[in-house]
Amino acid sequence: MKKSNDALKALSETEALIKTGKMEEARLHLRSVPVPKLPRESRVLFATLARRSDQSGLALKALNSIIRASGKNFTRPTDEEKTEYAANLTQVGASHEALELLATIDTKNLPKADLFMAFAHFSIWNYSDAIPFLERYRTRLEGNPYELLVCETNLAAAQIAVGKYAEAEKTLAHLREETRKNNLGLLLLNALQLSVGLSVYSRNLASAHAYLNEAEKMLTNDNSVFSLLVGKWKSIVALYEGKSGADSQINKICQRATAMEHWETVRDCDFFRAIILKDKQLLTHLYYGTPYLSFRQRILNNVDFNYSPPTAYD
């Protein structure tokens, strides 16, 4: 009993560390939790904390014996257990398996399954398929204003990805207003970097500068993902404006993103560099370097010069 209580206490302490942004401490704390001693009803919380601290391998290991159980000891997994397991499958790249598992869940009883269904579609660049799940999830968040803003952040990202710029601006305007009013720093940073991206896609560089300036003032950690994203957009705007050294600046951002294994940032840098510099060879490399048809279409939709991908590419 004491070991079980100690494990539950460790989970509570880990959650507190995550909320205060002490991620490395949270990871170390979570690794010390004796998962076999946890009661079954606490394993979902363990898996959630593992996912939030970028340790999805731990989460899958904790829930696997429940989700994949068989034989005489089989007990049907709950929808919450399946949803959390699927969320972690997406994190490790098993998105199609996640989608199959999430399709078995009645989201009327567990609305957040819609959110994780959207995330699974995000991971395979099916942003258009993600939007209906986010819109349905948003209608079920009455009385939960913070989760509503989280949902709208992801909805705005999806709207930008599919070219629904007017809808994205409406979503982002509400996000910026609510996050400023309620002093929600992390969500505001998210909204600002998405607003910069929308401004860049819309070729509104004056707005991009305004949002970049606001975001830069909020940064407190030069090694954070937000710092990387702000640096990415700053270098892309500089390249659009033809500033000296902009290409070198993008190269440095790519190197930093590679070191952080933030591959979407690397791809974004290559994408905009190819578009702005009219680099057809790089465009072709990007086009054939992805298996996702929606990303290929995004390339073609944003090219503002004569370009058609070759019929073959080595």
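The secondary structure of this protein, seen here in a predicted model, comes to 17 helices and zero strands. Its radius of gyration is 21 Å, close to the 20 Å that the globule rule gives for 314 residues, so the protein is as compact as a globular protein of that length. Along the principal axes, the C-alpha trace spans about 65 × 45 × 40 Å. Of the 314 residues, 47% count as buried, and among the contacts with a separation of 6 or more, 53% are accounted for by residues 24 or more positions apart.

The surface and the charges can be described in a similar way. The accessible surface of the protein comes to about 16300 Å², and 50% of that area belongs to carbon and sulfur atoms. The protein has 40 positive and 36 negative charges, and the mean positions of these two sets are 3 Å apart.

Helix α15 is a useful place to look at a single element in detail. This helix runs over residues 263–276, and at 1.5 Å a residue its 14 residues should span 20 Å, which agrees with the 20 Å that separates its end C-alpha atoms. Helix α15 is mostly covered, since 12 of its 14 residues are buried; the buried residues include the charged Arg267, Asp268, Asp270 and Arg273, as well as Val266, Phe271, Phe272 and Ile275. An α-helix has 3.6 residues a turn, so residues three or four places apart point the same way. What covers the buried residues of α15 includes α11 (185–201), α13 (225–240) and α14 (246–259), together with α16 (280–288) and α17 (293–302). Just after α15, Lys278 takes a positive phi of about 55°.

Helix α9, at residues 145–161, can be read in the same manner. With 17 residues, α9 reaches 25 Å from its first C-alpha to its last, close to the 24 Å expected at 1.5 Å a residue. Among the buried residues of α9 are Leu149, Val150, Cys151, Leu155 and Ile160, and also Glu152, Thr153, Asn154 and Gln159. The cover over the buried residues of α9 includes α7 (112–123), α8 (127–138), α10 (165–181) and α11, and α11 is also part of what covers the buried residues of α15. After α9 comes Gly163, whose phi is positive, near 85°.

Helix α11 also contains Ser199. With a relative accessible area of 6%, Ser199 is buried, because buried means under 20%. Leaving aside its neighbours within four places in sequence, Ser199 is in contact with Asn204, Ser207, Ala208 and Tyr211.

Two loop residues complete the tour. Ile105 has its place in the loop between α6 and α7, and at 8% relative accessibility it counts as buried. Not counting residues up to four places away in sequence, Ile105 touches Asp79, Lys82, Thr83 and Ala113, and its C-alpha atom is separated by 9.2 Å from that of Thr78, a residue 27 positions away along the chain. Gly93 lies in the loop between α5 (79–91) and α6 (95–102). At 60% relative accessibility, Gly93 counts as exposed, because the exposed class begins over 50%. The C-alpha atoms of Gly93 and Asn301, which are 208 residues apart along the chain, are separated by 27 Å.

Conventions. Residues are numbered from 1 along each chain as its sequence is written. This is a predicted model: local features need pLDDT of at least 70, side-chain atom pairs count only at pLDDT 80 or more; totals for chains, interfaces and linings use all residues. Side-chain values use heavy atoms; hydrogens and water are left out. Helices (H or I, at least four residues) and strands (E, at least two) are DSSP runs, numbered from the N terminus. The expected span of a helix is 1.5 Å times one less than its number of residues. Buried means under 20% relative accessible area, exposed over 50%, partly exposed in between (1.4 Å probe, protein chains only). Contact means heavy atoms within 4.5 Å. The radius of gyration is taken over C-alpha atoms; the globule rule is 2.2 Å times the number of residues to the power 0.38. Accessible areas come from the Shrake-Rupley method with a 1.4 Å probe; for residues, only the protein chains shown count as cover. The place of a charge is taken as NZ of Lys, CZ of Arg, CG of Asp or CD of Glu.
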